[in-house]
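Me: Could you take a close look at one part of this model for me, namely the helix packing, and walk me through it in a connected way?

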Amino acid sequence: FDAAVAAPRGRACAPIARPREPHVVVAGAMGDSKRSFNEEMGFCKRESSTCYEIKQGFVPGMNVPGKFYVNEALERLVFDELRSFSRQSSNVGGFLPAIKQIGNVAALPGIVKYSIGLPDVHSGYGFAIGNVAAFDMGNPESVVSPGGVGFDINCGVRLVRTNLLLSDVLPVKERLAQSLFDHIPVGVGSQGIIPTRQQDLEEALQLGIDWSLREGYAWPEDKEHCEEYGRMLNADPNKVSSRAKKRGLPQLGTLGAGNHYAEIQVVDEIYDPFVAKKMGVDQKGQVCIMIHSGSRGLGHQVATDALVEMERAMARDNIRTNDRQLACARINSPEGDNYMKGMSAAANYAWVNRSSMTFLTRQAFAKVFNQSPEDLDMHVIYDVSHNIAKVEEHMVDGQCKQLLVHRKGSTRAFPPHH
């Protein structure tokens with residue numbers, strides 16, 4: 001299950017790091033007594049040089065074990081975090097270690113097999129960033145949790161190739177960078193230059209990349225290289241609040257702030273020539289563009305609205321979690337259904353947002369090189385999400401099951417022909 005459904009989220013290049021999200025421990029959420037670091041380590045069993053299992057009992061109520069994958073450097077970081085936590089007074093607030101968060105997710109109702117932490121897992125809101133968890137759709141107790149998706153719904157990464165080489169770009173590097181800044185608004189609260197009316201927003205939330213295609217902001221083949229073909233079919237714009245829509249209306253085609261980027265990159269190494277040739281990224285020194293962004297203020301508001309609803313649903317349905325940031329609702333409850341449909345609409349917004357920025361990137365390059373985007377071979381190689389929950393079928397203990405898979409800071413591991 002873990003190998004089939006998840007892969008670590010990729011990075012643009014070494015200097016770009018993902019900031020940790022602040023996470024405050026709720027007093028008493030982990031119980032009043034604390035174990036020593038050595039006692040905690042008694043629950044962590046090394047399975048291989050890169051994999052640890054977290055045994056049940058590490059935190060209260062675990063329904064399944066946890067697993068996390070690390071190399072030597074990441075292992076040191078993960079356990080140093082746990083060591084620091086173990087030294088704190090039981091009543092002192094602070095950061096909850098990623099390993100504890102993996103354990104808390106393993107205690108959620110309806111989870112199957114494992115709560116998984118992928119390489120570079122680190123503390124997040126409720127779920128750790130890099131946490132993957134699947135819930136059995138056939139189990140009426142199973143839950144959906146916005147903390148397992150994140151506030152930036154369908155934050156994702158898109159790679160666009162060109163037929164340019166580094167030698168073509170270096171003479172115009174500053175002018176090209178300025179052209180990108182001129183075309184793509186950046187920063188907190190930035191507003192887009194893609195003309196968008198209220199009706200356009202409603203349709204974008206429903207149609208995803210199909211709206212971009214209809215309006216001329218995407219190429220037909222772009223859709224073939226997007227996860228879910230750039231559209232979640234169960235989206236319902238009516239489940240997105242007016243406040244979320246108000247925040248999203250002026251932000252279409254904007255990058256945002258934080259760790260988001262639109263970056264000109266260069267191919268350093270080719271590890272699989274056959275696959276590289278298929279993708280059209282087969283020359284050292286070839287120039288590509290990577291765009292990392294999501295659903296902006298709209299997605300953040302969808303998550304915020306859902307958390308408020310779910311706290312009420314938890315009280316009604318007597319759902320208990322180890323951490324209040326793991327607010328959740330039964331998948332088949334009205335609150336769970338509302339979130340799934342609103343989240344899907346926000347995911348569609350994110351695909352439209354990345355498509356709009358791809359359009360603007362193509363315009364920026366065309367202006368500097370005085371060639372059309374088609375002549376520059378500016379095709380989308382892939383567009384994958386790393387903050388999403390989706391209904392999928394997977395084999396679990398020899399049985400095909402329908403699962404709701406939460407991926408936060410992690411992506412699908414797509415085999416060939418996807």
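Reply: What follows looks at two helix elements and the residues around them. The model is a predicted one, and the description should be read with that in mind.

Helix α11, which covers residues 296-317, has 22 residues and reaches 32 Å from its first C-alpha to its last, close to the 32 Å expected at 1.5 Å a residue. Its buried residues are Arg296, Gly297, Leu298, Gly299, Gln301, Val302, Ala303, Ala306, Leu307, Met310, Ala313 and Met314. An α-helix has 3.6 residues a turn, so residues three or four places apart point the same way. The buried residues of α11 pack against several elements, namely β7 (143-144), α7, α9 (242-248), β10 (286-293), β11 (329-330) and α12. After α11 comes Asn318, whose phi is positive, near 55 degrees.

Two of the partners of α11, namely α7 and α12, also pack against each other: helix α7 (residues 198-207) and helix α12 (residues 334-369) meet at an angle of about 105 degrees, with their axes 7 Å apart. An angle from 65 to 115 degrees counts as roughly perpendicular, and α7 and α12 are therefore roughly perpendicular to each other. On the α7 side the contact is made by Leu201, Ala204, Leu205, Gln206 and Leu207, while α12 contributes Ala345, Asn348, Tyr349 and Val352. The residues of this contact of α7 with α12 divide into seven nonpolar and two polar, with no charged residue among them.

Key. Residues numbered from 1 in each chain as written. Predicted model: local features only at pLDDT ≥ 70, side-chain atom pairs only at ≥ 80, totals over all residues. Heavy atoms only, no water. Axes fitted to C-alpha atoms, helices over the stretch in contact; angles between N-to-C directions. Helix = DSSP H or I, 4+ residues; strand = E, 2+ residues; numbered from the N terminus. Parallel < 35°, antiparallel > 145°, perpendicular 65-115°, else oblique. Contact = heavy atoms within 4.5 Å. Nonpolar A, V, L, I, M, F, W, Y, C, P; charged D, E, K, R; others polar. Expected span 1.5 Å × (residues − 1). Buried < 20%, exposed > 50% of the residue type's maximum accessible area, 1.4 Å probe, protein only.
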